[in-house]
Amino acid sequence: MKNILSKVLLALLAILILAEVWLYLGRFYVALGSDLPIDYEGPTYYGVRLLASGGNIYDPATLDKAPFMVTIYMPVYYALGAIFQKMCDLTVGLKACRLISILSLCATGYFSYRIFALSNIGRVRSVLGLFVFLNFFALWIWSNYCRVDMLATSLSLFALERFLSLESGKQESSSIRYLLKAFCIPTLLCIAAVFTKQSSIVVAFSILIYLLWLRKWRESFVFSLAFGGGCATLTIILQVITGGGFLQHMKFASKMPFDWTMMMEHLGWIGLDWLKILIICASCTVLIVFGKRIENDNSEKSFFALSVPFLLSTAIFTLYTLGTQYPNTNHAILFYFVLSFVFLQVSNQFKQRQDGKQETVYSLSLVLACLLNCALMFQLLPSMLTWPAQLSASSAYFEELKKIKANSLVFTEDPYLSLVSNTKPLFVDVSTFVQVWRGERKESWEKDLQEMVSKEKFAAVIVNCHDDQKEKPSYYWSEDLVNLIHQKYSLNSSTMGNRQSQNLYLQAN
């Protein structure tokens, strides 16, 4: 019976691999073929272009006066994306930034496999873990965007892979010099990951807890000193370079209010991935509670010392971000990785204690859940494959944008449209400003906007059609503000922003 189950598992795993490769190739085609933003990419790309031109993406003045700009992420992705921007037009530059994410996704897959392999769970199980991780919907969706997520994920897993490789080498030395040399690469990668996306700090935190758990006092001291010192040094340098704006932008981003109601509502966005999460949690619970434990199993102790803080910290961060007003499931990517890692480790240890049949059943159930998720992805893929042609066709609308006076202020949700028209966007990262201001400035911020619209401070107003047609619930703007826009500005044409239909309003005179 066990042999039959194993053969069925291998057959279904092969089907899963082929399906996921095809699905990811489809997403790559969309990314490299689309001339305009395919999601909320504008704020990041605007920052990349600004940095490439020598601008300050952490200017403290932009947090308090128009045009408003906030950069909520660390600078590594922006700096990497800015390298070749001067040689690229807007379209090629945007695709180059997406290519960073695509290459980071490939690196993420490789480092994930390496981490699983270093855990001594076998080649087949490592491949199983890799494609379970790649099957999570958030990873598929966010794998090709001009955003920081995939680069941060690849750097985080690279750091973890280097650390586990160091641990598996079992080279012992008590000298500080040796420890500094040994921890150099993992520490630098942890710092690079954090300075790409702040949530990547969970990897460094988990490594430190692991070292403390195993009472490796000298190693934990060296690692924490090197990591903390490196982060502090870079922060000071960035503060000086940005005129004190770096920490102000980070502080502003941390003010997004948390709401339990929002979190419960947004948990539904996880969708079919819930099935995999429940299978993993149930399987691990049964295996840990009812499995026969091996006495003096140091590998088990080491595994839990690393995985438990990693799992808990990523889970807490994911829940927090889902409790904000405009969250995305991209913040759950590291949580999905460690969830897959935990399943492989727990089921592998159980397989060593028993005959392995139960473990095969759990793996088979998980692969079936992955195939079900693939079926949903295949339903969505055909419409996604039409995006490049649709967005290329909509670029004709931009001729009206180019007629707007250069360097004038434009009310727009997608700053990419200001790059096209060489104007100044009122907001760069409108979603962050809206939710922070709703918590801090209550209704005063919208009154300020209404006054600016009333006095026709904007050369143009570009607003999403959902809010412009007063559909509920609104994305950003109230009916009062939309009514005022209709009074003071004249509808000119339609355009695209954030891959959404937008209406372009120009001054009536």
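**Entry 1. The pair Glu 400 and Lys 403**

I began with Glu 400 and found it partly exposed, at a relative accessible area of 26%. The model I am reading is a predicted one. I then looked up the partner of Glu 400: its side chain meets that of Lys 403 in a salt bridge, at 3.2 Å from N to O. Lys 403 I recorded as exposed, because its relative accessible area is 63% and the cut-off for that class is over 50%.

**Entry 2. The network at Glu 161**

I next noted that salt bridges with shared partners join Arg 114, Glu 161 and Arg 162 into one network. Within it I looked up the pair Glu 161 and Arg 162, whose closest N and O atoms are 2.8 Å apart. Is Glu 161 buried or exposed? I entered Glu 161 as buried, since its relative accessibility is 2% and the limit for that class is under 20%. For Arg 162 I wrote down partly exposed, with a relative accessible area of 28%.

**Entry 3. Asp 149 and the count**

I turned to Asp 149, which forms a salt bridge with Arg 147. The closest N and O atoms of this pair lie 3.4 Å apart. I checked both residues for burial and found Asp 149 buried and Arg 147 buried as well. For the structure as a whole I recorded 13 salt bridges.

**Entry 4. Helix α5**

I looked up helix α5, which runs over residues 123-134 and has 12 residues. From first C-alpha to last I noted a reach of 17 Å, close to the 16 Å expected at 1.5 Å a residue. How many of the residues of α5 are buried? I recorded 9 of 12, and so entered the helix as mostly covered. Among the buried residues I listed Arg 125 and Ser 126, and also Leu 128, Gly 129, Leu 130, Phe 131, Val 132, Phe 133 and Leu 134.

**Entry 5. Helices α2 and α4**

I then examined how helix α2 (residues 42-52) packs with helix α4 (residues 90-118). I noted an angle of about 110° and a distance of 11 Å between their axes. I therefore classed α2 and α4 as roughly perpendicular to each other, as that class covers 65 to 115 degrees. The crossing in which α2 passes α4 I entered as right-handed.

Which residues of the two helices meet? On the α2 side I listed Tyr 45, Val 48 and Arg 49. On the α4 side I listed Leu 90, Gly 93, Leu 94 and Cys 97. Beside this I wrote a reminder that an α-helix has 3.6 residues a turn, so residues three or four places apart point the same way.

Conventions. Residues numbered from 1 in each chain as written. Predicted model: local features only at pLDDT ≥ 70, side-chain atom pairs only at ≥ 80, totals over all residues. Heavy atoms only, no water. Helix = DSSP H or I, 4+ residues; strand = E, 2+ residues; numbered from the N terminus. Expected span 1.5 Å × (residues − 1). Buried < 20%, exposed > 50% of the residue type's maximum accessible area, 1.4 Å probe, protein only. Salt bridge = Lys/Arg side-chain N within 4 Å of Asp/Glu carboxyl O. Axes fitted to C-alpha atoms, helices over the stretch in contact; angles between N-to-C directions. Parallel < 35°, antiparallel > 145°, perpendicular 65-115°, else oblique. Left-handed = near helix turned anticlockwise from the far one by under 90°. Contact = heavy atoms within 4.5 Å.
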